[in-house]
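Before you read the points below, please take a moment with the sequence and the model side by side. The note is meant to be followed with both in view.

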Amino acid sequence: MKIVFATNNNHKLSEIRDILNEACEVKSLKEIGCDVDIPETGTTLEENALIKANYVWDHFHTNVFADDTGLEVEALNGEPGVYSARYAGGEGHDSEANIQKVLKNLEGIENRKARFRTVIAFIRKNKVTGEKEVSLVEGIVNGSITTHKRGTAGFGYDAIFIPEGYDQTFGELGMDIKNEISHRARAVKNFAKELEDYIKE
């Protein structure tokens, strides 16, 4: 079975393909001829995931899933949250600037508690009625923010996030361990259960 992952982020695509393994063939937006940078105008992770999935469903009429992920820092009232990718402002995704803004905003603050949260929207055609079906799943990993960058693996905020139960950042742990314990891994495992049920229908 083929399904579209509404992203052109190669890091995300690689993670998802590794986690889903051979459950289905995952296609990126580019691979289905979608060159649009779908605007993420929602105010929640759920809204953004649905916006991207609905765009692909409406324009390409295919089963699709989309995700949105946010770093939620307790002492910053949940920031950067839905704005994680563009937290520092400006055009595009500047991971280094985003990291530095989080670290600067946490200067002098003892509470470093944070969590990564991924939400996945899954849209598919009901095999009996042909109607559109929509569901949402999520994955969360709790942890804390370091005072400086550590490690070079991963992407985004990985170099400053230590997952609960570990003493290294995602940037130090490497992709194999991250793919087992991360927010995205947990969300994808929940999504995989829904996907498996759908394939069996």
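The points below go from the sheet as a whole to one of its strands, then to single residues in that strand, and finally to the nonpolar core.

1. A word of care comes first: this is a predicted model, and what follows should be read as a description of that prediction. The feature to find at the start is an open sheet of six strands, in which the order is β2-β1-β3-β4-β5-β6 and the pairing is mixed. Since β2 (25-27) and β6 (161-163) are at the edges and have a single partner strand each, one side of each is left without a neighbour in the sheet. From one strand to the next, the twist averages 35°.

2. It helps to recall that strands of a sheet pair through backbone hydrogen bonds, either parallel or antiparallel. Both senses can be found here: β1 (residues 2-5) pairs with β2 in the parallel sense over three bridges, and within this pairing I3 has V26 of β2 as its bridge partner. Strands β1 and β3 also run parallel, joined by two bridges, and V4 is found opposite V64 in β3. Between β3 and β4, by contrast, the pairing is antiparallel and extends over 10 bridges, with G70 opposite R117 in β4.

3. How many residues of β3 are buried? The count is 10 of its 10 residues, so that the strand is mostly covered. From β3, the residues V64, A66, D68, G70 and E72 point one way, while F65, D67, T69, L71 and V73 point the other way, and all are buried. Helix α2 (residues 45-60) lies across β1, β3 (64-73), β4 (113-125) and β5 (132-145), and its direction is at about 160° to that of β3.

4. D68 deserves a separate look, as the unreviewed UniProt entry lists D68 under "binding site". This residue is placed in strand β3 and, because its relative accessibility is 6%, D68 counts as buried. Neighbours within four places in sequence left aside, the residues in contact with D68 include E40, T44, L45, N48 and K52, as well as R117 and T118. With N48 the link is also a polar one, since the two side chains are joined by a polar contact of 3.0 Å.

5. Is E72, another residue of strand β3, buried or exposed? Its relative accessibility is 15%, and buried means under 20%, so E72 counts as buried. The side chain of E72 makes polar contacts with two arginine side chains, that of R115 at 2.6 Å and that of R117 at 3.2 Å. Beyond four places in sequence, E72 also touches other residues, among them L45, G78, E79, G81 and A114.

6. The last point concerns the nonpolar residues. The largest nonpolar core has 18 residues, and L71, I145, Y157 and F161 are those with the most contacts inside it. At least two residues of this core are supplied by each of β3, α3 (95-105), β4, β5 and α4 (170-173), and α3 provides the largest share, three residues. F161 can be followed in more detail: not counting residues up to four places away in sequence, F161 touches L71 and I145, and also, among others, A114, F116, V141, Q168 and F170.

Methods. Residues numbered from 1 in each chain as written. Predicted model: local features only at pLDDT ≥ 70, side-chain atom pairs only at ≥ 80, totals over all residues. Heavy atoms only, no water. Pairing = 2+ DSSP bridges. Helix = DSSP H or I, 4+ residues; strand = E, 2+ residues; numbered from the N terminus. Axes fitted to C-alpha atoms, helices over the stretch in contact; angles between N-to-C directions. Contact = heavy atoms within 4.5 Å. Buried < 20%, exposed > 50% of the residue type's maximum accessible area, 1.4 Å probe, protein only. Polar contact = N/O pair within 3.5 Å; in protein donor to acceptor, adjacent residues only side chain to side chain. Core = buried A, V, L, I, M, F, W, Y, C linked by side-chain atoms within 4.5 Å. UniProt positions renumbered as here; feature names shortened; annotations may be inferred.
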